[in-house]
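Here is a short tour to read alongside the model. Have the coordinates open and follow the headings in turn.

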Amino acid sequence: LNVAVSRAKHLFIVAGSHEKLSASGGYLSKICAHCSRYGYITAVDHQYDHRPQLTIDIPSNEANILHSCEHVEWFKNNIASAKNHIVISSPWITLKNLDFSFQILVDAINRGVSINIYYGYNKNDFGDPEAIAKLKDAGCNLILDPDQTHSKVVIIDNQIVCIGSFNWLSQTHHLYCSEEYFKKINIRNEISIWVNDTVRANEVFLLLNGGNKPLEIKTEENKL
């Protein structure tokens, strides 16, 4: 709760029983009181609907959801289909993950695809130095984020962009997703959303790149 409250800048949502949270004491009660005075409270019985409900309209045919193990196949298939450029943002990079992702990325490089990887939860917490060196030696361009990053993003060819909770270069879902038993006891609940949208891809890249410049895409002509 402390992490959630301290990181929120524009929007903070609490889901639960308003009655129980208000009576719980401490910071939870203070949050409920603050929401009652300044925010939006909605309930199934509309008891607290004193302001309009906030909604986000995303057409279902434009947005696609990935859940937990679906990330593994999505990553494999979309990296394999990349033609020009791949951008990945992952706070941590680990050797255990590279057992799965390394050859997929190398195959893309061998096809002439350029790969930019933004990493670094902070300058001292970024995963395994050996994993970073391995990716650099393979031809990936690694950028230690000077502002620190907690973003988990994949952009394919300035067109497909996926954002969510999945740590693309440190997760170990590939070790467990093939077995139903291990899936139940070892897999965290991860959710991401992806769209095929050049405008959104560039917007996300600008945020990753500090707003410096749009994503540069190699074409078949300028590769030569």
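## Helix 8 and its two sides

Let us begin with helix 8, residues 198-208, whose buried residues are Ala201, Asn202, Val204, Phe205 and Leu208. Looking down the axis of helix 8, these buried residues fall within an arc of 165 degrees, so they line one face of the helix. Please keep in mind that this is a predicted model.

What covers the buried residues of helix 8? The cover includes strand 2, strand 3, strand 5 and strand 6. On the face turned away from the buried side, helix 8 carries the exposed residues Val199 and Leu207.

## The sheet

The strands just named lead us to the sheet. Seven strands form an open sheet in the order 1-7-6-5-2-3-4, and their pairing is mixed. Strand 1 (63-67) and strand 4 (141-144) are the edge strands, each pairing on one side only. On average, neighbouring strands of this sheet are turned by 15 degrees against each other, direction ignored.

At one edge, strand 1 runs antiparallel to strand 7 (residues 191-196), and five bridges join the two. If you would like a landmark here, look for Asn64, whose bridge partner in strand 7 is Trp194. Helix 4 (residues 70-81) packs on the sheet, where it touches strand 1, strand 2 (85-90), strand 5 (153-156), strand 6 (160-164) and strand 7. The direction of helix 4 makes about 125 degrees with that of strand 1.

## Strand 2 and its partners

Strand 2 is worth a closer look. How many of the six residues of strand 2 are buried? The count is six of six, and the strand is mostly covered. His85, Val87 and Ser89 point one way from strand 2, while Ile86, Ile88 and Ser90 point the other way, and all are buried. In a regular strand, side chains alternate between the two faces of the sheet.

Strand 2 pairs in both senses. With strand 3 (residues 114-119) it runs parallel, and six bridges join the two; within this pairing, Ile88 has Ile117 of strand 3 as its bridge partner. Between these strands the chain crosses through helix 5 (residues 95-110), making a right-handed β-α-β crossover. With strand 5, strand 2 pairs in the antiparallel sense over four bridges. Here Ser89 of strand 2 has Val153 in strand 5 as its bridge partner.

## The disulfide and other cysteines

The model has one disulfide. This disulfide joins Cys69 to Cys177, with an S to S distance of 2.1 Å. The link of Cys69 and Cys177 is left-handed, with -90 degrees about the S-S bond. Cys69 lies in the loop between strand 1 and helix 4, and Cys177 in the loop between strand 6 and helix 7 (180-186), so the pair ties together parts that are 108 residues apart in sequence.

Are these cysteines buried or exposed? Cys69 has a relative accessible area of 17% and is buried, and Cys177, at 17% relative accessibility, also counts as buried. Two other cysteines can be described in these terms: Cys140 is buried with a relative accessible area of 7%, and Cys162 counts as buried at 0% relative accessibility.

## Helix 6

Helix 6 spans residues 129-138, and Ala131, Ile132 and Leu135 are buried in it. Around the axis they cover an arc of only 100 degrees, which puts them on the same side of helix 6. Their cover includes helix 5, strand 3 and strand 4.

Turn to the face of helix 6 away from its buried side and you will find the exposed residues Pro129, Glu130 and Asp137. Gly139 follows helix 6, and its phi is positive, near 115 degrees.

## A loop contact at Gln148

Our last stop is Gln148, in the loop between strand 4 and strand 5. Its relative accessibility is 48%, and Gln148 counts as partly exposed because exposed means over 50%.

Which residues does Gln148 contact, leaving aside its neighbours within four places in sequence? They are Gly120, Tyr121 and Asn122. Gln148 and Tyr121 are 27 residues apart in sequence, and their C-alpha atoms are 5.1 Å apart in space.

Key
Residues numbered from 1 in each chain as written. Predicted model: local features only at pLDDT ≥ 70, side-chain atom pairs only at ≥ 80, totals over all residues. Heavy atoms only, no water. Pairing = 2+ DSSP bridges. Axes fitted to C-alpha atoms, helices over the stretch in contact; angles between N-to-C directions. Contact = heavy atoms within 4.5 Å. Buried < 20%, exposed > 50% of the residue type's maximum accessible area, 1.4 Å probe, protein only. Right-handed = clockwise from strand over helix to strand, strands pointing away. Disulfide = S-S within 2.5 Å. Arc of directions from axis to C-beta.
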